[in-house]
Amino acid sequence: MLCAGLLAVQTACHTFLPLQESVPDRGEIIGVVLNDQGRLLMGERLGESVDRVDGVLVEQNETSIVLNVTRTRSLRGSHTVWTGEPVTIPKVGVRGFQERQYSRGKTAMLVVGLILGIAAVGSLITLAAGGFGRGDDPGPGPDPQ
């Protein structure tokens with residue numbers, strides 16, 4: 001449960017900005033959206049149907065960019081997690097770039113969800129342990145008559 005919560009925090013608090021053509025600054029966490037030629041050129045290294053490559057921009061020049069890859073997204077929407085391996089992507093294969101940005105709305109929704117989840121688990125534990133307000137009082141004894 002802790003791992004699921006940490007994974008949600010890692011992804012839910014950020015969003016990617018709309019596609020842009022200019023290369024973001026070095027050290028930024030970005031998504032590189034590939035075009036058809038990029039998918040063909042990078043297919044053997046990244047996978048045949050990779051649509052976007054996320055990671056930290058390490059370096060760029062006139063012909064390519066180097067990204068420490070943290071995740072790839074396929075055309076079908078599935079994701080593959082990477083551990084920061086450097087990958088060189090030719091600029092002719094890049095459709096555009098998306099910068100990652102902190103999202104207040106997603107973070108607020110995540111916090112509310114976590115609070116509700118913790119409250120639900122706490123209620124279930126309380127009920128399983130004997131319910132609310134039962135205490136040590138055995139209740140009324142047998143009728144003396």
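Which residue forms a salt bridge with Asp-54, the closest N and O atoms being 3.2 Å apart? Select Arg-71 and you have the partner. A salt bridge here is a side-chain nitrogen of Lys or Arg within 4 Å of a carboxyl oxygen of Asp or Glu.

Before going on, some ground rules. This is a predicted model, where local features need pLDDT of at least 70 and side-chain atom pairs count only at pLDDT 80 or more, while totals for chains, interfaces and linings use all residues. Residues are numbered from 1 along each chain as its sequence is written, and side-chain values use heavy atoms, with hydrogens and water left out.

**Stop 1: around Asp-54**

Stay on the Arg-71 and Asp-54 pair. Arg-71 belongs to strand β4 and Asp-54 to strand β3, so this bridge ties together parts 17 residues apart in sequence. (Helices are DSSP runs of H or I with at least four residues, strands are runs of E with at least two, and both are numbered from the N terminus.) Now add Arg-52: Asp-54 forms a salt bridge with Arg-52 too, with the closest N and O atoms 2.7 Å apart. Colour by accessibility and Asp-54 comes out buried at 3%, Arg-52 is buried at 7%, and Arg-71 is partly exposed at 22%. Buried means under 20% relative accessible area, exposed over 50%, and partly exposed in between, using a 1.4 Å probe and protein chains only.

**Stop 2: a network of charges**

Next, select Asp-36, Arg-39, Asp-51 and Arg-73, which are linked in a network of salt bridges. Zoom in on Arg-39 and Asp-51, whose side chains meet at 3.7 Å, N to O. Arg-39 sits in helix α2 and Asp-51 in strand β3, so the pair ties together parts 12 residues apart in sequence. Arg-39 is buried at 14%, and Asp-51 is buried at 13%. The whole structure has 5 salt bridges.

**Stop 3: helix α2**

Show residues 36–46, which make up α2, and pick out the buried Gly-38, Arg-39, Met-42, Gly-43 and Leu-46. Look down the helix axis: these buried residues fall within an arc of 150°, so they line one face of the helix. (The arc is taken over the directions from the helix axis to the C-beta atoms.) Swing round to the other side and you'll find Leu-40 and Glu-44 exposed. The cover over the buried residues includes β2, β3, β4 and β5.

Check both ends as well. At the start of α2, a side-chain oxygen of Asn-35 reaches to within 3.1 Å of the backbone nitrogen of Gln-37. Just after the helix, Gly-47 has a positive phi of about 120°.

**Stop 4: into the core**

Which residues does Leu-46 touch, not counting those up to four places away in sequence? Leu-34, Val-53, Thr-72, Trp-82 and Val-87. Contact means heavy atoms within 4.5 Å.

For the wider view, go to the largest nonpolar core, which has 16 residues; among those touching the most other members are Val-32, Leu-34 and Leu-46. Two or more residues each come from β2, α2, β3, β4, β5 and β6. (A nonpolar core is a set of buried Ala, Val, Leu, Ile, Met, Phe, Trp, Tyr and Cys residues joined through side-chain atoms within 4.5 Å.)

**Stop 5: two strands**

Finish with β2, where 5 of the 6 residues are buried. β2 pairs with β3 in the antiparallel sense over 5 bridges, where pairing takes at least two DSSP bridges between the strands. Select Ile-29 and look opposite for Val-56 in β3.

Terms used
A polar contact is a pair of N or O atoms within 3.5 Å; within protein, one must be able to donate a hydrogen and the other to accept it, and residues adjacent in sequence count only if both atoms are side-chain atoms.
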